[in-house]
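Here is a set of questions and answers about the terms used to describe one structure. Each answer sets a value against a cut-off and then concludes.

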Amino acid sequence: MNKLSERSLKILSTVNTDLQKVVNRAIEISEVDFGVIQGNRTQQQQDELYAQGRIKPGQKVTWTRNSRHIQHHCVE
């Protein structure tokens with residue numbers, strides 16, 4: 001059985017509890033091991049991602065500055 005690392009658990013703890021339940025169940029039943037690499041973002045982090053491919057070099061990775069990953073959107 002796969003298990004989330006301490007790092008993944010720490011990141012996962014920043015998101016909505018319903019999403020935590022989904023990810024925890026997924027790791028229990030998944031045949032493929034995986035980890036959580038990002039949880040909530042600050043508005044500044046989202047702005048940086050939005051700038052990528054627009055006013056900063058790189059490939060576009062997001063289409064909005066108003067992501068559901070931003071901390072103020074996640075409610076328990």
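Q: What makes D47 and R65 a salt bridge?
A: In this predicted model, the closest N and O atoms of D47 and R65 are 2.8 Å apart. A salt bridge needs a side-chain nitrogen of Lys or Arg within 4 Å of a carboxyl oxygen of Asp or Glu. The pair D47 and R65 therefore counts as a salt bridge.

Q: Which parts does the pair of D47 and R65 tie together?
A: D47 lies in helix α3, residues 43–51, and R65 lies in the segment after α3. The two parts tied together are 18 residues apart in sequence.

Q: Why are D47 and R65 called partly exposed?
A: Partly exposed is the class between buried, under 20% relative accessible area, and exposed, over 50%. D47 has 26% relative accessibility, and R65 has a relative accessible area of 43%. Both values fall in between, so both residues are partly exposed.

Q: What makes E48 and K56 a salt bridge?
A: The closest N and O atoms of E48 and K56 are 2.5 Å apart. The cut-off is 4 Å, so the pair qualifies.

Q: How exposed are E48 and K56?
A: E48 has a relative accessible area of 40%, and K56 has one of 37%. Each is partly exposed because its value lies between 20% and 50%.

Q: How do you know that R25 and E28 form a salt bridge?
A: The N to O distance between the side chains of R25 and E28 is 3.0 Å. That is within 4 Å, so this pair is a salt bridge as well. By this rule the count comes to three salt bridges. As a general point, side chains of opposite charge can pair when their charged atoms come close.

Q: Where do R25 and E28 sit relative to each other?
A: They are three residues apart in helix α2, residues 17–29. Being three residues apart there, R25 and E28 are separated by about one helical turn. R25 is partly exposed at 46% relative accessible area, and E28 is partly exposed at 44%.

Q: How does the span of α2 compare with what is expected?
A: Helix α2 has 13 residues and reaches 19 Å from its first C-alpha to its last. The expected value at 1.5 Å a residue is 18 Å, and the span of α2 is close to that.

Q: What makes N16 a cap of α2?
A: A side-chain oxygen of N16 lies 2.7 Å from the backbone nitrogen of D18. A polar contact needs N or O atoms within 3.5 Å, so this pair meets the distance limit. The end of α2 that N16 caps is the N-terminal one.

Q: Which residues make up the largest nonpolar core?
A: This core consists of seven residues: L4, I11, L12, V15, V23, I27 and V36. The elements that give two or more residues to this core are α1, residues 6–12, and α2.

Q: Why is G39 called buried?
A: The relative accessible area of G39 is 6%. Buried means under 20%, so G39 is buried. G39 is placed in the loop between α2 and α3. From C-alpha to C-alpha, G39 and T14 are 5.7 Å apart in space, although 25 residues apart in sequence.

Q: Are T62 and T64 buried or exposed?
A: T62 has 14% relative accessibility, and T64 has 16%. Both values are under 20%, so both residues count as buried. T62 lies in the segment after α3, and T64 is found in the segment after α3 too.

Q: What do T62 and T64 touch?
A: Leaving aside neighbours within four places in sequence, T62 is in contact with Q46, L49, Y50 and R54. T64 touches Q46 and Y50, not counting residues up to four places away.

Q: Why is G58 called exposed?
A: The relative accessible area of G58 is 53%. Exposed means over 50%, so G58 is exposed. G58 lies in the segment after α3.

Q: How many helices and strands are there in the protein?
A: There are three helices and zero strands. From the N terminus on, the elements run α-α-α.

Notes
Residues are numbered from 1 along each chain as its sequence is written. This is a predicted model: local features need pLDDT of at least 70, side-chain atom pairs count only at pLDDT 80 or more; totals for chains, interfaces and linings use all residues. Side-chain values use heavy atoms; hydrogens and water are left out. Helices (H or I, at least four residues) and strands (E, at least two) are DSSP runs, numbered from the N terminus. Buried means under 20% relative accessible area, exposed over 50%, partly exposed in between (1.4 Å probe, protein chains only). A nonpolar core is a set of buried Ala, Val, Leu, Ile, Met, Phe, Trp, Tyr and Cys residues joined through side-chain atoms within 4.5 Å. The expected span of a helix is 1.5 Å times one less than its number of residues. A polar contact is a pair of N or O atoms within 3.5 Å; within protein, one must be able to donate a hydrogen and the other to accept it, and residues adjacent in sequence count only if both atoms are side-chain atoms. Contact means heavy atoms within 4.5 Å.
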